[in-house]
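New to this one? Have a look at the model first, and then we'll walk through a few of its features together.

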Amino acid sequence: MLYLIGLGLGDAKDITVKGLEVVRRCSRVYLEAYTSVLTVGKEALEEFYGRKLILADREEVEQEADNILKDADISDVAFLVVGDPFGATTHSDLVLRATKQGIPYRVIHNASIMNAVGCCGLQLYKFGETVSIVFWTDTWRPESFFDKVKKNRQNDMHTLCLLDIKVKEQSLENLIKGRKIYEPPRYMSVNQAAQQLLEIVQNQRKRGEEPAVTEETLCVGLARVGAEDQKIAAGTLQQMCTVELGEPLHSLIITGGSMHPLEMEMLSLFSIPENSESQSIDGF
């Protein structure tokens, strides 16, 4: 059996009891290590689970998935995913490969950023399509995702923005030369995401377009959701450029046009103080 097991969002103890029981009896246990990260490292997980973990990077999962599935038809293999197993489309591919090979699978779900964002007080059923914001480069500065933000705003829906994670990435030079040399991990902050969004807004104005989002649009920055030191900050997009939320992982919400009074009251708990250029916001 192939087991896909969600680990939740915080630390080693966020795995479910059912998930932990499966991990402890599997012959091999893989830890997916590129779509998200916990607040603790592999060693802390191994200590709590009582099992050695095999790190599975993007290349392993997407190009050498058969290694993960090897012997899963005659023994139990676990594939651990931060958050929920289906928070990333990559993992659907693993299920399809297993099915084609006649390997049965089972999913053990857990909390994901997709539903945990409700901690800020915005109602989950009022979210529209989720978007990803990637790190810009000198030659690649995509803006196409902004159309989805615009559509959500037109429908009075909030937009959850998942922020870029660069783990085990190669520089263009090393990629071309085939050198297995990797860049240090990078995690996009709310500040960086907000600055890129503001540049898109300015670009649209230069083109004579009316942007769906402005400097004064109400946004919510979240950091380390599910951890004991999670932080939430509600303020304008402009304020998101300077708010201090600390260590990764960060997420950003662009609110819809109109909000329920309860949503507004909840957001007031996390509002950035006025006249604050760079302000640390406490979580719960």
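## The largest pocket

Let's start with some empty space: the largest pocket in this predicted model has a volume of about 1100 Å³. It is lined by 43 residues, and those closest to its centre are Thr-35, Ser-132, Leu-162, Leu-163 and Ile-165. Several elements give two or more residues to this lining, namely α6 (113-116), β6 (131-133), β7 (159-163), β8 (165-166) and β12 (250-254). Strand β6 provides the largest share, with three residues.

What sort of residues make up the lining? Sorted by class, 23 are nonpolar, 13 are polar and seven are charged.

## What the UniProt record adds

Which residues does UniProt list under "binding site"? The entry, which is unreviewed, names Leu-9, Asp-84, Gly-87, Ser-112, Ile-113, Leu-163, Val-225 and His-250. Now go back to the pocket: its lining takes in Leu-9, Asp-84, Gly-87, Ser-112, Ile-113, Leu-163, Val-225 and His-250 from that set.

A couple of these are easy to place. Leu-163 is also one of the residues closest to the pocket's centre, while Ser-112 sits in the loop between β5 (105-108) and α6.

## A greasy spot outside

Over on the surface, you'll find a nonpolar patch formed by Leu-172, Leu-175 and Ile-176. Together these three have about 360 Å² of accessible area. To find the patch, look for helix α8 (residues 172-176), where Leu-175 lies.

## Salt bridges

How many salt bridges are there in the model? The count comes to eleven, taking a side-chain nitrogen of Lys or Arg within 4 Å of a carboxyl oxygen of Asp or Glu as the rule.

A salt bridge links the side chains of Asp-93 and Arg-97, at 2.8 Å from N to O. Both belong to helix α5 (residues 90-100), and because they are four residues apart there, about one helical turn separates them.

## Backbone oddities

Two spots in the backbone deserve a quick look. One is the cis peptide bond between Pro-248 and Leu-249, with omega at about 5 degrees. Leu-249 belongs to the loop between α10 (237-240) and β12, and β12 is one of the elements that help line the pocket.

The other is Asp-71, a residue other than glycine with a positive phi, near 65 degrees. You can find Asp-71 in the loop that runs between α4 (65-69) and β4 (77-81).

Definitions and conventions
Residues are numbered from 1 along each chain as its sequence is written. This is a predicted model: local features need pLDDT of at least 70, side-chain atom pairs count only at pLDDT 80 or more; totals for chains, interfaces and linings use all residues. Side-chain values use heavy atoms; hydrogens and water are left out. On a 1 Å grid over the protein atoms alone, a cavity is a set of points where a 1.4 Å probe fits but cannot get out, and a pocket is an open set with protein on both sides within 12 Å along at least five of seven lines; lining residues have an atom within 4 Å of a point. Grid points are joined across faces, edges and corners, and a volume is the space filled by probe spheres set on the points. Ala, Val, Leu, Ile, Met, Phe, Trp, Tyr, Cys and Pro count as nonpolar, Asp, Glu, Lys and Arg as charged, and the others, Gly among them, as polar. Patches are made of residues with over 30% relative accessible area and no salt bridge: like charges are joined within 9 Å, nonpolar side chains (Val, Leu, Ile, Met, Phe, Trp, Tyr) within 5 Å. Accessible areas come from the Shrake-Rupley method with a 1.4 Å probe; for residues, only the protein chains shown count as cover. UniProt positions are given in the numbering used here, feature names are shortened, and annotations may be inferred rather than shown by experiment.
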